[in-house]
Structure formats: structure tokens, C-alpha cells
Amino acid sequence: MNKKASIIIPCYNVEKTIDKCMASLINQSIGIDALEIILVNDASTDNSYELLCKWEHDYPDSVLLVNCTENGKAGRARNTGLSYASAPYIGFVDDDDICEPGMFETLYNAAYNNGCDLAVCQSVRQNNYTAQDNVAITCQDEIINISGMDERINFLNKDINDAVWNKLYLKDLILENNIFFPENTLYEDIFFSHLMKIYCQKVYISGKVLYHHIISGASVSKNNTPEQRIDFLGISLMLIEEIRSRKIPAEISAWHDEQFIIQYITFIINYEKTFGKLDNEIYTIIKESIKNLYPDILQIPIAGMILKNNSNPGFQEIIRKLL
């Protein structure tokens, strides 16, 4: 049977979670024979490899284990998984999360039957694996056609999270546009998702909650360190550089420039509120990186508007330091 979707799972020290995650995939209503599950062992230091080998042994026609000897974080693991994927659609699942039984049947049928290159479902964050009695419906199903610049900007403004785990992607769109994950950093999914939003033409959004994002003490999203905050800003800068290198339409580039200013202000405020003043050496590196991208920060309209608006002197001070 030809595979309909390749599901890529980066795995690092997953001995306590992978069985629950895999059970939710093995029992998908689309049928295990329709899925290619690619487990990428990212140089785990516990007993993960042995558990992953067992899953591959038990489902040899549907589970492929790729073993990495050097840890490259989720970005490298996902890129590695993409290089092995053979199905026309790609999904990503985190190693400690679980999927509703109908998730990939819903997303695949919607994408395939409607010619969509991106299909999205709703997700829920929870602190344990207790299943909900019913799948919640949070909004109406929707199909978005993106044929012109106005539709593209409206889509960029739409509230679709930047996670990759509640989505199904057309593999050809990823390959044809060289969409990839940055490696050895956090927040790699933000980079990948924003590139996808630039290129996709037709998007299906399901109103059903079909993905359960489990928040545990080890979850990256629950840890809050200065290094992680700085990684977030670094990904934002990397995205701007990548967009410029692709010579995409000016309107899209301008949209991302304005978003970066908002993110930078938010970064400074939240960082200093949580950790105190940025180390001078780190601040200098960040400022120089921004200046390299934006020699004149006032070329971005929102930066000039902030300087003229006297209602928030804190925002003004952050922008002045970039002049």
C-alpha cells in the first residue's frame, strides 16, 4: 500500500513518553498501513534507542528508525526525517504528545480532496495524558485560497500558531521552495512555519481539537531561561536574513520587518522584567546584528511611528538605542 503521509518524530530521551505517543499513531483511523512513521533518535542518552528499535521491529512496514550519533536538537532531527520521507504529505509529532485517532485521516482527506498544500487542526495544551471524552470544536472548518498579495498579507495576519505538530504539509511544496529547519537552536519551528506561510497557496483549517500538546517539567516550552529567550530573538533575525536572500515580494518582506520590531520590543521588555538588564556584551552583539540588517531602523514605518508617539517612552527608548 502506498503511504499517504510521513510522520516525523524527533526523539531525545523519550523512554517515559514514546510508547504513549506511538500508541496514538498506531491507532490512527487512516490506518497504520497508510502512514510512514520516521523515528529520529537524536543521540539519546537513556534507553530510548532500545524502545524505538522495538517499535520498528513490531511495525517494519510502517516504522523507520534513523539513529543519529550526535545531538542536533529538533531542527536537525526533523531535517533528517525529511530526507527519508517518501509519502506525498508530511506531518511532525513531538515525542511526548498524543494525537486524536482521527487526526491524520481528517487532515489528509481535507488536503488531498481540496488540493491544499497545508492542513491545520486545533490543539490543546494539557499537563497529563488524561484523554478528553469528546473532541472539542473551537471554530468552523475553513479553506483559504491565497492568490494575490492582499490574501497573502491577510493570511500572515491570521492567528495560526507557529508549531509544526498540528499540521500536514505537501512535501513537494517543502522541497520545491527549500523550506528547512535551522539546526542546533530552539524555536526552529517558527522559522519553518513562516517560510511555509510565504509559499502555501491553499490552506485547510479544521475547527476540531485533534492534537494534545503535553506540558511536562522537561518541556522546552515550560522552561524559561535567558538563553532560550535569546534563541528566540536569534531565530527572528535568521528569518529576516533568509527572507531577504530569497528576494520575495517587498510587501511580504515589509510585513516581516514590522513584525520583527514588535518582537524585539517585546523581547527586551519581557527579558528585563524576568531576568533584569541584558548583559552589556550580549546586548552589543544583538544590537550589531540588528544594525547589520537594518542600518537605518527608521526605514521601518512602525519604528518611526513609535518615536513620534509620546504615549510610551519605554518603547521609544528601545528604538532609540538602535539608531
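Start by selecting helix α11, residues 301–308, together with helix α12, residues 313–320, and turn the view until one helix lies over the other: in this predicted model, α11 passes α12 in a left-handed crossing. The angle between the two is about 130°, and their axes are 8 Å apart. Because angles over 145 degrees count as roughly antiparallel and those from 65 to 115 as roughly perpendicular, this value makes α11 oblique to α12. To see what joins them, show the side chains of A303, I306, L307 and K308 on α11, and then those of F315, Q316, I319 and R320 on α12, since these are the residues that make the contact. Coloured by class, the residues of this contact divide into 5 nonpolar, 1 polar and 2 charged.

Next, keep helix packing as the theme and move to another pair. Select helix α5, residues 149–157, and helix α9, residues 250–275, which pack at an angle of about 20° with their axes 10 Å apart. Angles under 35 degrees count as roughly parallel, and α5 and α9 are therefore described as roughly parallel to each other. The crossing of α5 over α9 is right-handed. On the α5 side, the contact is made by M149, R152, I153, L156 and N157, while α9 contributes E251, I252, W255 and H256. By class, the residues in the contact of α5 with α9 comprise 5 nonpolar, 2 polar and 2 charged.

From there, go to helix α1, residues 18–26, and helix α2, residues 48–58, where the packing angle is about 20° and the axes lie 11 Å apart. With that angle, α1 and α2 are roughly parallel to each other, and their crossing is right-handed. Which residues of α1 and α2 should be displayed here? Show I18, D19, M22, A23 and I26 in α1, and opposite them L51, L52 and W55 in α2. The contact of α1 with α2 holds 7 nonpolar residues and 1 charged residue, with no polar residues.

Now narrow the view to a single residue, D189, which you will find in helix α7, residues 188–199. Is D189 buried or exposed? The relative accessible area of D189 is 16%, and because buried means under 20%, D189 is classed as buried. If residues up to four places away in sequence are set aside, D189 touches R78, D162, A163, V164 and F181, so these five are worth showing as sticks around it. Add W165 to the selection as well, and draw a distance from C-alpha to C-alpha: W165 and D189 are 24 residues apart in sequence, and 9.1 Å separates them in space.

Finally, zoom out until the whole chain is in view. The protein has 12 helices and 9 strands, and its radius of gyration is 21 Å, close to the 20 Å that the globule rule gives for 323 residues, so the protein is as compact as a globular protein of that length. Taken along the principal axes, the C-alpha atoms fill a box of roughly 60 × 45 × 40 Å. If you colour by accessibility, buried residues make up 50% of the 323 residues. As for how the chain meets itself, among contacts with a separation of 6 or more, 80% are accounted for by residues 24 or more positions apart.

Definitions and conventions. Residues are numbered from 1 along each chain as its sequence is written. This is a predicted model: local features need pLDDT of at least 70, side-chain atom pairs count only at pLDDT 80 or more; totals for chains, interfaces and linings use all residues. Side-chain values use heavy atoms; hydrogens and water are left out. Axes are lines fitted to C-alpha atoms, for helices over the stretch in contact, and angles run from 0 to 180 degrees between N-to-C directions. Helices (H or I, at least four residues) and strands (E, at least two) are DSSP runs, numbered from the N terminus. A crossing is left-handed if the near helix is turned anticlockwise from the far one by less than a right angle, and right-handed if clockwise. Contact means heavy atoms within 4.5 Å. Ala, Val, Leu, Ile, Met, Phe, Trp, Tyr, Cys and Pro count as nonpolar, Asp, Glu, Lys and Arg as charged, and the others, Gly among them, as polar. The radius of gyration is taken over C-alpha atoms; the globule rule is 2.2 Å times the number of residues to the power 0.38. Buried means under 20% relative accessible area, exposed over 50%, partly exposed in between (1.4 Å probe, protein chains only).
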